[in-house]
Amino acid sequence: MLPQIGFNNGVPIDEEYFIKNIAGKHNSDIAVLLYPDDIPRGIKFMEDKEAMFRSRLALENLPPIKGLYKLTKWIDDRGLKRAAVTNAPKPNAELMISKLGLKDFFDVVILGSDCERAKPYPDPYLKALEVLQVSKDHTFVCEDSVSGIKAGVAAGMPVVGLTTRNPESVLMEANPTILIKDYEDPKLWEALEELDKRIGSSKTSA
């Protein structure tokens, strides 16, 4: 859609530009980037972009990241609280969660637009902690964008970074606790196994 409006002199943006300026950012921030002198026009463009995304997504399959349902089962089996925290518009978030069969999985969906500041600020994650009534010391975050990782880190939570969309070198700049290629990555399951051991040990001590 960007070449159609003459952005970048009609030359399509490359992956590097997308990762640096667009990936994971809130639509209002992208609107300012596209139309710094005409924000309402930028907002309208982003709304049109999201409508196109939803129409295509509704017609296509949305393959889950490998190991997703293994992780959701692990979470379910332990009765953990969970929130979806996203910068996506509400219709997009609802559609994606529904297509992945996770409608009943999340206790709450927190949108960047519902907060004073969206990611990369910590506000959406802090709101999730407040709504779920949990401590940052007993949570972990899964994120695939620089802005998302920065938000989780700023909220004081350990962040599992996913290299499903962005290069490892770029994500590392945001300082995740660990980086994994997908939810089947042995690094993730070693960490979760260690967590289980610690929980078992604390129960025994008690």
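Domain bounds here come from an automatic or database domain assignment. With that in mind, the protein is divided into domain 1, residues 8–59, and domain 2, residues 68–204. Keep in mind as you look around that this is a predicted model.

Let us start with the overall build. The protein contains nine helices and five strands. Follow the chain along the sequence and you meet them in the pattern α-α-α-α-β-α-β-α-β-α-β-α-β-α. The radius of gyration of the protein is 18 Å, close to the 17 Å that the globule rule gives for 206 residues, so the protein is as compact as a globular protein of that length. Taken along the principal axes, the C-alpha atoms fill a box of roughly 65 × 35 × 30 Å.

Now turn to the way the two domains meet. The C-alpha centres of domain 1 and domain 2 are 24 Å apart. At their interface, 12 residues of domain 1 are in contact with 16 residues of domain 2. Together the two domains bury about 1200 Å² between them, and 61% of that area is on carbon and sulfur atoms. Three residues are worth finding on the domain 1 side: Ile19, His26 and Arg54 supply 42% of the area that domain 1 buries against domain 2, more than any other three residues.

What kinds of polar link cross this interface? Two residue pairs are in polar contact between domain 1 and domain 2, while the count of salt bridges between the two domains is zero. On the side of domain 1 that touches domain 2, the elements giving two or more residues are helix 1 (15–21) and helix 3 (39–59). Helix 3 makes the largest contribution to that side, with five residues. Sorted by character, the residues on this side of domain 1 are five nonpolar, three polar and four charged.

Finally, two details of the backbone deserve a look. Most residues other than glycine have a negative phi, and most peptide bonds are trans. Against that background, look at the bond between lysine 119 and proline 120, which is a cis peptide bond with omega of about 20°. Proline 120 sits in the loop between strand 2 (108–111) and helix 6 (123–132). The other detail is asparagine 8, a residue other than glycine whose phi is positive, near 55°. You will find asparagine 8 in the segment before helix 1.

Conventions. Residues are numbered from 1 along each chain as its sequence is written. This is a predicted model: local features need pLDDT of at least 70, side-chain atom pairs count only at pLDDT 80 or more; totals for chains, interfaces and linings use all residues. Side-chain values use heavy atoms; hydrogens and water are left out. Contact means heavy atoms within 4.5 Å. Buried area is the accessible area (1.4 Å probe) that two parts lose on being put together, summed over both. A salt bridge is a side-chain nitrogen of Lys or Arg within 4 Å of a carboxyl oxygen of Asp or Glu. A polar contact is a pair of N or O atoms within 3.5 Å; within protein, one must be able to donate a hydrogen and the other to accept it, and residues adjacent in sequence count only if both atoms are side-chain atoms. Helices (H or I, at least four residues) and strands (E, at least two) are DSSP runs, numbered from the N terminus. Ala, Val, Leu, Ile, Met, Phe, Trp, Tyr, Cys and Pro count as nonpolar, Asp, Glu, Lys and Arg as charged, and the others, Gly among them, as polar. The radius of gyration is taken over C-alpha atoms; the globule rule is 2.2 Å times the number of residues to the power 0.38.
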